[in-house]
Amino acid sequence: MKDKKMSIRISEEDLNIVHYKAEQAKLTLTEYVTQCALSKQIFVIDGLDEVIRQQKAIGKNLNRLTVLSNMGKISYVNLQELTEEYASLNKTLTELLDRKRWSA
């Protein structure tokens, strides 16, 4: 429970930087400063929104194919294009994650 208040003095330039970094991390200022102060690592993966959008689209396509198959409207589907799309998405996600690897 957050029931204590902390006050610090900071230059306007540094405050702007902290606000920017918190925004980039998609955290509130309180969450960002707390995680930094407690030596917790913060990861920001740019481009993940697009990967998630594409994954949802693939899932919707698979769901449509499953429904049509269960209705007996289709009996065979060429999944080559869907497989290639998924492989491309997986490669993109792997590249995004590899950018954030760190050494201890």
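**Figure 1. Leu-15 in helix H1.** Leu-15 is partly exposed in this predicted model, because its relative accessible area is 32%, a value that falls between the 20% limit for buried and the 50% limit for exposed residues. Leu-15 is found in helix H1. Eleven residues separate Leu-15 from Lys-4 in sequence, and their C-alpha atoms are 21 Å apart in space. Helix H1 covers residues 12-24. With 13 residues at 1.5 Å a residue, H1 should span 18 Å, and its end C-alpha atoms are indeed 18 Å apart, so the two values agree.

**Figure 2. Lys-26 after helix H1.** Lys-26 follows H1 and has a positive phi, near 55°. This positive value occurs in a residue other than glycine. Lys-26 lies in the loop between H1 and H2. Its relative accessible area is 67%, so Lys-26 is exposed; the limit for that class is over 50%. Lys-26 is also one of the residues that line the second largest pocket.

**Figure 3. The largest pocket.** The largest pocket holds about 430 Å³ of space. Its lining consists of 14 residues, and those nearest the centre of the pocket are Met-6, Leu-29, Thr-30, Val-33 and Thr-34. Two elements give two or more residues to this lining, helix H1 (12-24) and helix H2 (29-37). H2 has the largest share, with five residues. By class, the lining of the largest pocket is made of eight nonpolar, three polar and three charged residues.

**Figure 4. The second largest pocket.** The volume of the second largest pocket is about 160 Å³. Residues of its lining include Gln-24, Ala-25 and Lys-26, together with a stretch that runs through Phe-43, Val-44, Ile-45, Asp-46, Gly-47, Leu-48 and Asp-49. Ile-52 is also part of the lining. H3 gives the most to this lining, with three residues. Six residues of the lining are nonpolar, two are polar and three are charged.

**Figure 5. Val-44 in the loop before H3.** Val-44 is found in the loop between H2 and H3. The relative accessibility of Val-44 is 21%, so this residue counts as partly exposed; buried residues have under 20%. Val-44 and Ala-87 are 43 residues apart along the chain, and their C-alpha atoms are separated by 23 Å. For Val-44 and Leu-96, which are 52 residues apart along the chain, the C-alpha separation is 9.9 Å. Val-44 also belongs to the lining of the second largest pocket.

**Figure 6. The largest nonpolar core.** Five residues make up the largest nonpolar core: Val-51, Ile-58, Leu-82, Leu-89 and Leu-96. Helix H3 (48-70) and helix H4 (80-99) each supply at least two of the core residues. H4 provides the largest share, three residues. In soluble globular proteins, nonpolar side chains tend to be buried together. One member of the core, Leu-82, is in contact with Ile-58, Asn-61, Leu-62 and Leu-65, leaving aside its neighbours within four places in sequence. Ile-58, one of these contacts of Leu-82, is itself a member of the core.

**Figure 7. Leu-96 and its contacts.** Leu-96 lies in helix H4 and is a member of the largest nonpolar core. What relative accessibility does Leu-96 have, and how is it classed? At 5%, Leu-96 counts as buried, because the limit for buried residues is under 20%. Apart from neighbours within four places in sequence, Leu-96 is in contact with Ile-45, Asp-46, Gly-47, Leu-48 and Val-51. Among these contacts of Leu-96, Val-51 is a member of the core, while Ile-45, Asp-46, Gly-47 and Leu-48 are among the lining residues of the second largest pocket.

**Figure 8. Helix H3 and the residue that follows.** Helix H3 covers residues 48-70. The 23 residues of H3 should span 33 Å at 1.5 Å a residue, and its end C-alpha atoms are 33 Å apart, so the expected span and the model agree. H3 is followed by Gly-72, where phi is positive, near 80°. H3 supplies at least two residues of the largest nonpolar core and three residues of the lining of the second largest pocket.

Definitions and conventions. Residues are numbered from 1 along each chain as its sequence is written. This is a predicted model: local features need pLDDT of at least 70, side-chain atom pairs count only at pLDDT 80 or more; totals for chains, interfaces and linings use all residues. Side-chain values use heavy atoms; hydrogens and water are left out. A nonpolar core is a set of buried Ala, Val, Leu, Ile, Met, Phe, Trp, Tyr and Cys residues joined through side-chain atoms within 4.5 Å. Buried means under 20% relative accessible area, exposed over 50%, partly exposed in between (1.4 Å probe, protein chains only). Helices (H or I, at least four residues) and strands (E, at least two) are DSSP runs, numbered from the N terminus. Contact means heavy atoms within 4.5 Å. On a 1 Å grid over the protein atoms alone, a cavity is a set of points where a 1.4 Å probe fits but cannot get out, and a pocket is an open set with protein on both sides within 12 Å along at least five of seven lines; lining residues have an atom within 4 Å of a point. Grid points are joined across faces, edges and corners, and a volume is the space filled by probe spheres set on the points. Ala, Val, Leu, Ile, Met, Phe, Trp, Tyr, Cys and Pro count as nonpolar, Asp, Glu, Lys and Arg as charged, and the others, Gly among them, as polar. The expected span of a helix is 1.5 Å times one less than its number of residues.
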